[in-house]
Amino acid sequence: MKLYEYLGKELFSKYDIPVPRGKLVERADQAGQVVDELGGVVIKSQVLSGKRGKAGGIGFASDFAEAEKEAARILDLEIDGLATEKLLIEEKIEIEQELYLAITIDGSAHRPLVLASLDGGMDVEDVAEDRMISWPVDVTLGMQGYMAREICRRMGVTGNLQKELVKFLPKLYRMFREQDAELAEINPLALTPDGLVAADAKVTIDDDALYRHQELPRITEKTALELKAEELDLAYVELEGDIAVMANGAGITMATLDMVKHYGGEPANFLDFGGGADLEKTSQSLELLLGTDPKVLLINIFGGITRCDVVAEAFVRVKDNKGIDLPVSFRLVGTNESEGRTILEKVGIKTFTSMDEAVRHAVELTGTV
Amino acid sequence: MPIYIDQNTRVVVQGITGRQGSFHTGQMIAYGTKIVGGVSPGKGGQSVEGVPVYNSTFEAVEHHSAEASILFMPAPFAKDAALEALDAGLKIIVLIPESIPLHDAMEIMAYARQKNAVVVGPNTFGLVSSGNSKIGIMPNRYFVPGPVGVVSRSGTLCYEIVGHLTENDIGTTTVVGLGGDRVVGLHFIDVLKKFEDDPATEAVVMVGEIGGSAEEEAAAHIASSMTKPVIAYLAGKSAPPGKRMGHAGAIIERGRGTFESKAEALSKAGVKVADLPTAVPPLIKTALADK
C-alpha cells in the first residue's frame, strides 16, 4: 500500500525524522491562510504518481493571492489520470545540498537495502550507477553505527553532513522495520542550516502485513471491480480485451493470457481464483467475470487441490441461476476430471483437455460473435 | 542421485491437524515420503494418518531425529513456526503459506543463513525427488523419474509443463518450487548449481515469470558456469506494468522485471526460451538427443 506524501511524513515525524512544517488542505482559500502562517510556501498535489513534478503538480507562493491561485490550479490538475483531492502546503526550506536516500527490500539477498547518493533531487533512474551507494543490512544486526559511517565514506561524505547522516539513517531504518515498509524513499533529502530534512516521502507498506497496522488508513489504487474481487479474495486485474479468462494459479493464469495474445486474441482480465476454491468462491468468480460483459469466456483448470467437479458444479449453478449466454471455451484436467466432464456434458458444454486447444478455440469464438 | 531430499529424509509436518496439513500428510505418505511426526501446539497425543502429533517441533525432533519440515498454517503464525523448526535443528524448511509479511520472511531467511539451513518458499508447492519423496502439495501422478531437473516460480504452471513432459515420456529427477513471493529462500541459481552437480540430471527446465531479477541472475550464472542444457518458459509476456499478477513477486516496477529483459538475458546465455508450454518437450528432446 503506497502512502500519500503527507501520510509518509506523519510516519516520519513519529520517528523523529525532521520534515518541513506544513498543513494539509482541500480548498484553495485554505492555502492562502497557510501562507499567512508559514510565509513562503511550496504547494504539492497529493497523488500517488511519480510524475507529479513534471506534470505541474508542485507550485510556489509567497502571499495569500498567489497561494490561492496556485492551489486552485493544482486542484484542477489531473496527474497520470488521477485527480488531486488534497494539497500539502509546506514552508519553503533553505536547501544547501540535496541527497537521495532510500531503503527497499533486496529479494535476491533477502535483506533490506539502503540506497544513498549525493545526486538528490533528480530522477533516481538518471543517477549514475557509481554515484549510488547500496548497502544490504542483515536484519539480525539492524542498522549499526559503523554501517552508517561506512555508507558515508563510500559516498564521500565527511564533516557535518556525515554527523547528520549517521544520526538520520537509524531512524529511517527503524521506521522501515517497525512499519513493515517495503519502500521508504526520500528524494530529495535536504541539508538545511538546521540539519537534514525529508523534503519528500515515498513510503510503501507491505500489503501482507497490514493486519498488524490497524492505525494506518487504507489507501487503494484499484478499480471498483478489482476491489470487489479483493473482497472475494481473488487475484484480479482488469485488462482491455474481450476474452474473459479464469484459471487457477498465478503462473498458469499469466501463461493463459500470454497464449490468448499468441493466437491473436485479447484478454479482458487476469483472474486467478486460487487453489482449492470451494463451490461458493468459484461461483462468485464466474459471476464477477460475467458482470464485465465479455464476448467470450475462457476457463482453464488444471486441478491439483482444485477439484474439477467443483468447478463444473459452480458453472452449472451460475448458468441455472444467472444464465450464461456467451460462448464458452472450457479446459478441464486434473483431480476429479471425469466427474467434472460428466456434469458439464449434461448442460451441453464440451471440454478440452489441452490448454492450447481451449485457448485457440476461445480466440476463434471471438470472430463469431 | 537425489538432491536436497531422498527416500530416507525424515519429515515433520507443522500444522498437521489443519484441513490442508492432514490432507497433504496423506498425499505425501502415499507418494513415499517418510513423515515421522506432526506438530500442532495443544494437540499433542493425537494422531493424523497414523502419524503421531506433538505439541512442539523440538519434541518431534527429539523422538524421531527429523531432518526436514513442511509448514501449513495461516501466514501470521508462519514466522514463529519456521524459527522454531530452524532452532530445533531442521535443515530443510518448506514454507507452503502465502502472504507471509516480507519482514517476517527476511527474519526467517537471516536465521536460516546462520543455521546453514535451506528454506523453500514461502508460497511454494514444495519440492519432489521424483519416485523417492516429496515435501509439498503437488499432485503425485505427474512426478515420475527421468533425466530432467525442473525449477519453477509458480505451481500450477509447473504442473502443466511437467505434465507435458510426462505425456511425452520424459520424467524428472527433482522438481523444486521456489515460490511466488518477493523474498524466497531458494533462487534459480541455488537449484541450477545442484542440477549441474547431479549426475542424474541431463537437462534443466526453468519456469520463470515477470518481476524481480532472479531470471537475469540465473542467466549470468548459466553463461558462466553451466554445461548442461537449460530450457526456459517465462510467464507474463502480456502483463501490464505496475499490476501484481497473482503472485506478490510478479510485478513490473519502474520498468524492471519485464518479460523482454528476462527472455533476452536467457537467450544470450544460450538458453532456449519456449514460446508456449507445449514447446518445452520438443526442446528438451532435442537437448537430450544432442548430448
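In this predicted model, B:Val11 has B:Ile35 of β2(B) as its bridge partner. That pair belongs to a longer match: strand β1 (residues 10-14) of chain B and strand β2 (residues 34-39) of chain B are joined by five bridges and pair in the parallel sense.

The next step is to follow β2(B) to its other partner. β2(B) and β4(B) also run parallel, with two bridges between them. Here B:Gly38 stands opposite B:Val53 of β4(B). β4(B) in turn pairs with β3(B), in the antiparallel sense and over two bridges. In this pairing B:Val48 faces B:Val51 of β4(B). β3(B) and β4(B) form a hairpin, and two residues lie between the strands. B:Glu49, in the turn, has a positive phi of about 55°.

These pairings can now be placed in the whole sheet. In chain B, seven strands make up an open sheet with mixed pairing, and their order is β3-β4-β2-β1-β5-β6-β7. Why is one side of β3 and of β7 in chain B left without a neighbour in the sheet? Both β3 (47-48) and β7 (118-120) of chain B stand at the edges and have a single partner strand each, so one side of each has no neighbour there.

Helices lie across this sheet. Helix α1 (residues 19-31) of chain B lies across β1, β2, β3 and β4 (51-54) of chain B. The angle at which α1 runs to β2(B) is about 165°. Helix α3 (residues 78-87) of chain B lies across β1, β5 (68-71) and β6 (92-95) of chain B. For α3 the angle of about 165° is to β6(B). β1 of chain B is thus named for α1 and again for α3.

Chain B also touches chain A. Chain B brings 46 residues to the contact, and chain A brings 41 residues. On the side of chain B that touches chain A, the elements giving two or more residues are α4 (102-114), α5 (156-167), β12 (203-209) and α7 (214-225) of chain B. Which of these elements gives the most? It is α4(B), with six residues. By type, the residues on this side of chain B are 23 nonpolar, 14 polar and nine charged.

Chain A, the other partner, is divided into domain 1 (21-91), domain 2 (97-212) and domain 3 (224-366). The centres of domain 1 and domain 3 of chain A, taken over C-alpha atoms, are separated by 46 Å.

Definitions and conventions: Residues numbered from 1 in each chain as written. Chains lettered and ligands numbered in written order. Predicted model: local features only at pLDDT ≥ 70, side-chain atom pairs only at ≥ 80, totals over all residues. Pairing = 2+ DSSP bridges. Helix = DSSP H or I, 4+ residues; strand = E, 2+ residues; numbered from the N terminus. Contact = placed C-beta atoms within 7 Å. Axes fitted to C-alpha atoms, helices over the stretch in contact; angles between N-to-C directions. Nonpolar A, V, L, I, M, F, W, Y, C, P; charged D, E, K, R; others polar. Domains from an automatic or database assignment.
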